[in-house]
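Thanks, everyone, for making the time. I would like to walk through one model with you, going from the overall fold down to single residues, and I will try to keep the reasoning explicit.

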Amino acid sequence: MRNKKQPVEKHPIHVKSGDRVVVISGKDKGKVSSVKKVITSENKVVVEGANIVTKAQKAQGGNQGGLIKVEAPMDSSKVMLYCSACEKATRIKYEVIDNKKVRVCKKCGEKID
Ligand SMILES: [Zn+2]
């Protein structure tokens, strides 16, 4: 029997740190916020103020332990880029302007980068 390993399919993440995005599924659906962090290896993003989970934190150093609220990473497919011109979530396309690849809104052509 052949035991062929499936190659890991890498999906480039369509957003990057600092992008304005709209959450399109989950409990924060509809929320517009910005990307705090992109975890490429897991295809996940951390969005400011979205997907908040409560974590127990141990007392450490001078800090008292307790419950803290942190943004949990969510799947990058759950966010879409936000176009400030359309004022809604949008699909993007890539265009080359001045030899630079930039992302533009598919609907209105607004440059997002
Ligand atoms: Zn637009």
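I will begin with the chain as a whole, then take the sheet, the core, and finally a few loop residues.

Please keep in mind throughout that this is a predicted model. The protein chain holds 0 helices and 10 strands, and the radius of gyration is 18 Å, well over the 13 Å that the globule rule gives for 113 residues, so the chain is more spread out than a compact globule. Along its principal axes, the C-alpha trace spans about 55 × 50 × 25 Å. Of the 113 residues, 15% count as buried. If we turn to contacts between residues at least 6 apart in sequence, 39% of them join residues that are at least 24 apart.

Now to the sheet. Six strands form an open sheet in the order β6-β3-β2-β1-β7-β8, and the pairing is antiparallel. Which strands stand at the edges? They are β6, residues 74-75, and β8, residues 88-90, and because each has a single partner strand, one side of each is left without a neighbour in the sheet. In the case of β8, the partnership is with β7, residues 79-83, and these two strands pair in the antiparallel sense over 3 bridges. Within that stretch, Tyr 82 is placed opposite Ala 89 of β8. As a reminder of the general background, strands of a sheet pair through backbone hydrogen bonds, in either a parallel or an antiparallel manner.

Next, the interior. The largest nonpolar core has 14 residues, and those touching the most other members are Val 15, Val 21, Val 35, Val 45, Val 47 and Val 79. Two or more residues are given to this core by each of β1 (20-23), β2 (32-39), β3 (44-47) and β7, with β7 supplying the largest share, namely 4 residues. Taking Val 15 as an example, and setting aside residues up to four places away in sequence, we find that Val 15 touches Val 21, Val 35, Val 38, Val 45, Ser 76, Val 79 and Leu 81.

There is another pair of strands to describe. Strand β4, residues 52-57, is joined to β5 by 6 bridges, and the two run antiparallel, with Gln 57 standing opposite Gly 66 in β5. Is β5 well covered or hardly covered? Strand β5, residues 66-71, is hardly covered, since the count of buried residues among its 6 residues is 0. In the loop between β4 and β5 we find Ala 59, which is exposed, having 9 other C-beta atoms within 10 Å. Apart from its neighbours within four places in sequence, Ala 59 is in contact with Gln 64 and Gly 65. The C-alpha atoms of Ala 59 and the core residue Val 45 are separated by 28 Å, although the two are 14 residues apart along the chain.

Lastly, some backbone angles. Most residues other than glycine have a negative phi, and with that in mind I would point to two positions. Glu 87, in the loop between β7 and β8, has a positive phi near 55 degrees, and Glu 87 is exposed, with 9 other C-beta atoms within 10 Å. Asp 98, in the loop between β9 (92-97) and β10 (100-105), has a positive phi near 50 degrees, and Asp 98 likewise counts as exposed, with 5 C-beta neighbours inside 10 Å.

That is where I will stop.

Note on methods. Residues are numbered from 1 along each chain as its sequence is written. This is a predicted model: local features need pLDDT of at least 70, side-chain atom pairs count only at pLDDT 80 or more; totals for chains, interfaces and linings use all residues. Two strands pair if DSSP finds at least two bridges between them. The radius of gyration is taken over C-alpha atoms; the globule rule is 2.2 Å times the number of residues to the power 0.38. A residue is buried if 20 or more other C-beta atoms lie within 10 Å of its own, exposed if 12 or fewer, and partly exposed in between; C-beta atoms are placed from the backbone. Two residues are in contact if their C-beta atoms, placed from the backbone, lie within 7 Å. A nonpolar core is a set of buried Ala, Val, Leu, Ile, Met, Phe, Trp, Tyr and Cys residues joined through C-beta atoms within 7 Å.
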